[in-house]
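Thanks for passing this one along. My notes follow as numbered points, with the ligand site taken up at the start and the strands, helix and single residues after that.

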Amino acid sequence: MSVLLGCIADDFTGGTDLAGMLVKAGMRTVQMIGVPGEPAGDDIDAVVIALKSRTSPVEEAIGESLAALRWLQHAGCRQFYFKYCSTFDSTPQGNIGPVAEALMQALASDFTIACPAFPVNGRTIYKGHLFVGDILLSDSGMRHHPLTPMTDANLVKVLQAQIKGKAGLVDYAVVSQGAGAIRARFASLKAEGCNFAVPDALTNDDLMAIGAACADLPLVTAGSGVALGLPQNFRRAGLLPENQVADALPPGGGLRAVIAGSCSIATQGQVAAMRDRHPAFDIDPFALARGEDVAAKALAWAKGRIENEPVLFYATAAPDAVKAVQAQLGTEKAGRLVEDALAAIAKGIVALGVGQLIVAGGETAGAVVKALGVSGLRIGPEIDPGVPWTTAITGNAGEKPIALALKSGNFGAPDFFLKAWSKLAS
Ligand code: ADP
């Protein structure tokens, strides 16, 4: 069966959010890093293509998004989803409006929604105004964002400034009456010449109603919240089984390792907890700067240990130590040296037989994923909120699949590196 829902996310972590949401809602999901070179795999209900188009020049964002759309169309998707930030990060030039309009044109569609609401994270919309917790978006820290300062909370106005078409509000009085009323309001907005409906949303129930009302729209544009309400449409249409286990990963096995390049507080605690229990190799940025082959030393050290128990490679250090390194080497150079070393270690330990790998740190994860040639991730069971196990897609048929957990620096409980293994079927 072909893929049902094809998603285009304007950044990587946003894509991860959306993919996690879809898995929880019962859709088997993969997240691809950029537009894939290979065709979609089997047994997948949703694909999220993660771009880096949030703040790129408008024409570039449109070009990449259209390329992603073509790939998703080729994969047989029945509906498409353009995912942006729940704070509607954009400028008067875009990229949300222009990308949405380009996708609509390519799909020959003249109507969609724009809804960044994500109530569980405090993003709600009332009278078209986006709230972040208890305050308007324009009073939140987002008004000082270096790239996309949001100084107006009125989403209808913000979107209108970015589009050639027309935007209109679906007021809470309508949304609270459910999917039928929302659909009727869509029809009257369309009759008034609107191409975009901005629905109010205060709760997950509202998102479910909005999702149901969007069943027949070729394109939905939203934060990750609205994704909660879409799988039910496919179930109603008989395209998605009830009670499907969506987070099962192929059995993997192999040796276990953790690579930590994050110095965030949560990671520091997790590194300390693992160091108490398992062998750990400390990466010294000064040794890297002296030109020592630290990765080769780490790999030689790992032999004879990694066969018996999980091992840790870490550059994680306390703030004072990091400052001292940065003062001497420069922040960027220190970061690059450490990332390169950790990426080389990742390649080396996979060659030694590691099949279950946790990587801590956003930049670090990016470097490791690149070194391992990972083009996508099949989303599996969650270890802690926001961090699932995944299976790496490498495009190299016949290679043993690697289980990867990519942990953002500040995510996860102190015992994350200790308990994560038990969530994997071996
Ligand atoms: P987080 O998700 O916590 O932000 P990242 O991996 O994104 O983690 O960023 C951490 C950055 O700090 C990386 O560039 C990494 O190479 C760098 N780094 C890690 N350890 C050290 C250290 N001891 N000294 C200086 N820089 C370091």
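A polar contact here is a pair of N or O atoms within 3.5 Å. Please keep in mind throughout that this is a predicted model.

1. **Polar partners of the ligand.** With that cut-off in hand, the backbone comes up twice. A backbone N or O atom of Gly 362 lies 2.9 Å from a ligand oxygen, and for Gly 335 a backbone N or O atom is found 3.0 Å from an oxygen atom of the ligand. Ser 264 takes part through its side chain, where a polar atom sits 2.5 Å from a ligand oxygen. I would look at these three residues together when you open the site.

2. **How covered is the ligand?** What share of the ligand's area does the protein bury? On its own the ligand exposes 580 Å², and 82% of that is buried by the protein. Three elements give two or more residues each to the surrounding shell: helix H12 (319–329), helix H13 (331–352) and helix H14 (362–371).

3. **Make-up of the shell.** There are 17 residues around the ligand, and those that come nearest are Ser 262, Ser 264, Glu 339, Glu 363 and Thr 364. Sorted by class, the shell holds seven nonpolar, eight polar and two charged residues.

4. **A covered strand.** Strand S3 (residues 46–50) is worth a look, as five of its five residues are buried. The cover reaches both faces: Ala 46, Val 48 and Ala 50 are buried on one side, and Val 47 and Ile 49 are buried on the other.

5. **Partners of that strand.** Strands of a sheet pair through backbone hydrogen bonds, in either a parallel or an antiparallel sense. For S3 the pairing with strand S1 (residues 5–9) is parallel, over five bridges, and Gly 6 stands opposite Val 47. Strand S2 (residues 29–33) also runs parallel to S3, with five bridges between them. There, Ile 33 has Ala 50 as its bridge partner.

6. **A hairpin.** Strand S6 (residues 123–126) and strand S7 (residues 129–132) are joined by four bridges and pair in the antiparallel sense. Within this pair, Thr 124 faces Phe 131 of S7. The hairpin has two residues between its strands, and Lys 127 takes a positive phi near 55°.

7. **The sheet around the hairpin.** S6 and S7 belong to an open sheet of three strands, ordered S6-S7-S8 with antiparallel pairing. Why do S6 and S8 each have one side without a neighbour in the sheet? S6 and strand S8 (135–136) stand at the edges and have a single partner strand each, so one side of each is left free of a neighbour in the sheet. S7 and S8 run antiparallel and are joined by two bridges. Phe 131 comes up again here, with Leu 136 as its bridge partner in S8.

8. **An enclosed helix.** Is helix H3 (residues 96–106) mostly enclosed or exposed? Nine of its 11 residues are buried, so the rest of the structure largely encloses H3. The buried ones are Ile 96, Gly 97, Pro 98, Val 99, Ala 100, Glu 101, Ala 102, Leu 103 and Met 104. Just after H3, Ala 108 takes a positive phi of about 55°.

9. **Thr 221.** This residue sits in strand S11 (residues 219–222). Thr 221 counts as buried because its relative accessibility is 0%. Its side chain makes a polar contact of 2.9 Å with the side chain of Tyr 84. Beyond the four places in sequence on either side, the contacts of Thr 221 include Phe 82, Ala 100, Thr 112 and Cys 115. Among them, Ala 100 is one of the buried residues of H3.

10. **Val 311.** Val 311 is found in strand S14 (residues 311–314) and has a relative accessible area of 0%, so it is buried. Leaving out neighbours within four places in sequence, its contacts include Arg 256, Val 258, Met 274 and Trp 301. The C-alpha atoms of Val 311 and Ala 68 are separated by 38 Å, with these positions 243 residues apart along the chain.

11. **Ala 248.** This residue lies in the loop between helix H8 (231–236) and strand S12 (255–260). With 42% relative accessibility, Ala 248 counts as partly exposed. Its C-alpha atom is 10.0 Å from that of Thr 391, and the two are 143 residues apart along the chain.

Note on methods: Residues are numbered from 1 along each chain as its sequence is written. This is a predicted model: local features need pLDDT of at least 70, side-chain atom pairs count only at pLDDT 80 or more; totals for chains, interfaces and linings use all residues. Side-chain values use heavy atoms; hydrogens and water are left out. A residue is near a molecule or strand if one of its heavy atoms lies within 4 Å of it. A polar contact is a pair of N or O atoms within 3.5 Å; within protein, one must be able to donate a hydrogen and the other to accept it, and residues adjacent in sequence count only if both atoms are side-chain atoms. Accessible areas come from the Shrake-Rupley method with a 1.4 Å probe; for residues, only the protein chains shown count as cover. Ala, Val, Leu, Ile, Met, Phe, Trp, Tyr, Cys and Pro count as nonpolar, Asp, Glu, Lys and Arg as charged, and the others, Gly among them, as polar. Two strands pair if DSSP finds at least two bridges between them. Buried means under 20% relative accessible area, exposed over 50%, partly exposed in between (1.4 Å probe, protein chains only). Contact means heavy atoms within 4.5 Å.
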